[in-house]
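Biologist: Can you pull the model up for me? I'd like to go through it with you.

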Protein chains: 2
Amino acid sequence: MNLTLDRISSVPLYAQIHGEIRRQIEANQLRAGAAVPSERELAEICKVSRMTARQALNALKNEGFVYQERGIGTFVAKRKLDVHTRNLIGFTEEMRGRGLTPSTKILLARREKAAQEVAQELGIETEDEVFHFQRLRLADDSPLAFEDAFLPVKHFPDLDTKNLENESLYKILETDYGVAMRRAEEILEATCASKEIARALAIKPKSALLIVHRVVFSESNLAVESVRTFYRADRYRATFVLTKNAV
Amino acid sequence: MNLTLDRISSVPLYAQIHGEIRRQIEANQLRAGAAVPSERELAEICKVSRMTARQALNALKNEGFVYQERGIGTFVAKRKLDVHTRNLIGFTEEMRGRGLTPSTKILLARREKAAQEVAQELGIETEDEVFHFQRLRLADDSPLAFEDAFLPVKHFPDLDTKNLENESLYKILETDYGVAMRRAEEILEATCASKEIARALAIKPKSALLIVHRVVFSESNLAVESVRTFYRADRYRATFVLTKNAV
DNA sequence: ATGACTTGGTGGACTAGACCACTTATAGAA
DNA sequence: TTCTATAAGTGGTCTAGTCCACCAAGTCAT
């Protein structure tokens, strides 16, 4: 276990430790079942206090990368299902993580008055304007999902002039508007494809679709986006890791 | 904000604080947007150190109940979607949380040799035995889901003699075998109902179904259960809260 | 050989501080 | 009146400990 920390960096020490161990697990340098340094050992290695080392291990535990047993130690957890931790990331990052090449075709991009449901989800008034984007999402140049997204105009002026086809939306929000994502609420449901969506996704009508309805919140708890994504069920499965007592 | 802690109890102080604030939020005594006591205030109120108060607030933040802004304070988060936090709970608890009355009809309960996929998911050998349960799950006496579950025999001897129709499986595992759930991996996908499942769920063939494939792990990282649940899409939607940096 | 006890290591909980970057309100100077 | 510096409060990070329950392995007496 070699771990060198950058004490000048603005990245917190616990985040550096967490990131390095996670990287080693994902690179299979630390294999499933292998012991991770104990909290005291890790603190000694990194020259930090035990609480800091503990914070790093705790994050790994909450993400399902390791498990801890009192009196025994900390170990790398086995992944049983093919879980690409569905963290709070955008389509672009998710597809790259799965080893696919994402691309996007914009079908609609306009401003409009917020419909009541959308206004309520975004915490704005119905007379407020929203950007309405409809996008066809492709993976390796083949249709994967149809997306219907709404964002409040007042927080993101000129968003419609940005390069949405090639840049990740979440990255634009962060770099151009300084708004970082922090939390999302999701509802997943199954349905059968309507004729319009079936045509857009190049599948037969009544094929199964997975609908992911997501409302995304920023660090300061602004509702940033309300989006419904209609995934082709034959090409997409959503994966999650649940933990009890995420303390 | 009144908060009385039981210092004799084996429940950790941070968990008591967390539970009490969560209860107040869920009972709407703390409304969306309302300020929660600051970390230092909370520590003062409860006569604990700031780190302990912080741990309680951190858990609430990770669950999406509150958000924190540096320099400002801690506030109750608005729920936009109708999110019943899909924590790591069983069918029985989940339905009760949604205000429905759960019931179960056992269609199959037997021991068998583990199929290869199941053995791999549970981390056992193919010659090992598993319990194989098929259950029809009802909510308010109407079919909601069909469930196909596998559990390793060696960890739960005589499980098939327990009262599975009326008791929560997870509760039995905890009280009778001392095995508490800690983590689960889930894959969600959409499909169309086969004839058999359609008949069991009293829907038309080719209706949409939501399949939740879950592998559950105990505190000591034993794979405890591998289960596929086929939900009627017209009666069930899965909800999640995602957070970035669950530290 | 077997069983009881000790020892050292582990994670879990908790304390009482520290410094930092950030925000807001306020008091004083222009 | 307007601007600016300051002070107080907030969450974020970090330290250097403490005590506890638990587990494994070795020791020692039976």
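Modeller: We can go through the DNA strands, then the helices, then some single residues.

Biologist: What should I know about the numbering and the model?

Modeller: This is a predicted model, where local features need pLDDT of at least 70 and side-chain atom pairs count only at pLDDT 80 or more, while totals for chains, interfaces and linings use all residues. Residues are numbered from 1 along each chain as its sequence is written, chains are lettered from A and ligands numbered from 1 in the order in which they are written, and side-chain values use heavy atoms, with hydrogens and water left out.

Biologist: OK, DNA strand D. How many residues surround it, and which are the closest?

Modeller: DNA strand D has 27 residues around it. The closest are A:Leu13, A:Ser49, B:Arg40, B:Arg50 and B:Thr74. A residue is near a strand if one of its heavy atoms lies within 4 Å of it.

Biologist: Which part of strand D is within 4 Å of the protein, sugar or phosphate, or bases?

Modeller: Of the strand D atoms within 4 Å of the protein, 66% belong to sugar or phosphate. The rest belong to bases.

Biologist: Which side chains have an N or O atom by a phosphate oxygen of strand D?

Modeller: A:Thr52 is one of them, at 2.9 Å. B:Gln68 has a side-chain N or O atom 3.2 Å from a phosphate oxygen of strand D. For B:Lys61 the distance is 3.5 Å. A polar contact is a pair of N or O atoms within 3.5 Å; within protein, one must be able to donate a hydrogen and the other to accept it, and residues adjacent in sequence count only if both atoms are side-chain atoms.

Biologist: And which element gives the most to the surface near strand D?

Modeller: H3(B), with four residues. Elements that each supply at least two include H1 (13-26) and H3 (50-62) of chain A, and H2 (39-46) of chain B. Helices (H or I, at least four residues) and strands (E, at least two) are DSSP runs, numbered from the N terminus.

Biologist: How do the residues of that surface near strand D divide?

Modeller: Into eight nonpolar, eight polar and 11 charged. Ala, Val, Leu, Ile, Met, Phe, Trp, Tyr, Cys and Pro count as nonpolar, Asp, Glu, Lys and Arg as charged, and the others, Gly among them, as polar.

Biologist: Switch to strand C. Which residues come nearest?

Modeller: A:Arg40, A:Arg50, A:Thr74, B:Leu13 and B:Ser49, out of 27 around strand C. H3(A) gives the most to the surface there, with four residues.

Biologist: What about phosphate oxygens of strand C?

Modeller: A backbone N or O atom of A:Glu39 lies 2.9 Å from one. A polar side-chain atom of B:Thr52 also lies 2.9 Å from a phosphate oxygen of strand C. For A:Arg54, a polar side-chain atom is at 3.2 Å.

Biologist: How far does H3(A) reach?

Modeller: H3(A) has 13 residues and reaches 18 Å from first C-alpha to last, close to the 18 Å expected at 1.5 Å a residue. The expected span is 1.5 Å times one less than the number of residues. Its buried residues include A:Thr52, A:Ala56 and A:Leu60. Buried means under 20% relative accessible area, exposed over 50%, partly exposed in between (1.4 Å probe, protein chains only). A:Gly64 follows H3(A), with a positive phi near 85 degrees.

Biologist: And H1(A)? Which of its residues are buried?

Modeller: A:Gln16, A:Ile17, A:His18, A:Ile21, A:Gln24 and A:Ile25. H2 (39-46) and H3 of chain A are among the elements that cover them. Just after H1(A), A:Asn28 takes a positive phi of about 65 degrees.

Biologist: Where does A:Asp140 lie?

Modeller: In the loop between E5 (129-139) and E6 (142-152) of chain A. Its phi is near 50 degrees, a positive value in a residue other than glycine.

Biologist: Why does A:Asp140 count as partly exposed?

Modeller: Because its relative accessibility is 41%.

Biologist: Last one. How far apart are domain 1 and domain 2 of chain A?

Modeller: Their C-alpha centres lie 35 Å apart. Domain 1 is 13-76 and domain 2 is 91-232. The bounds come from an automatic or database domain assignment.

How values were computed. Contact means heavy atoms within 4.5 Å.
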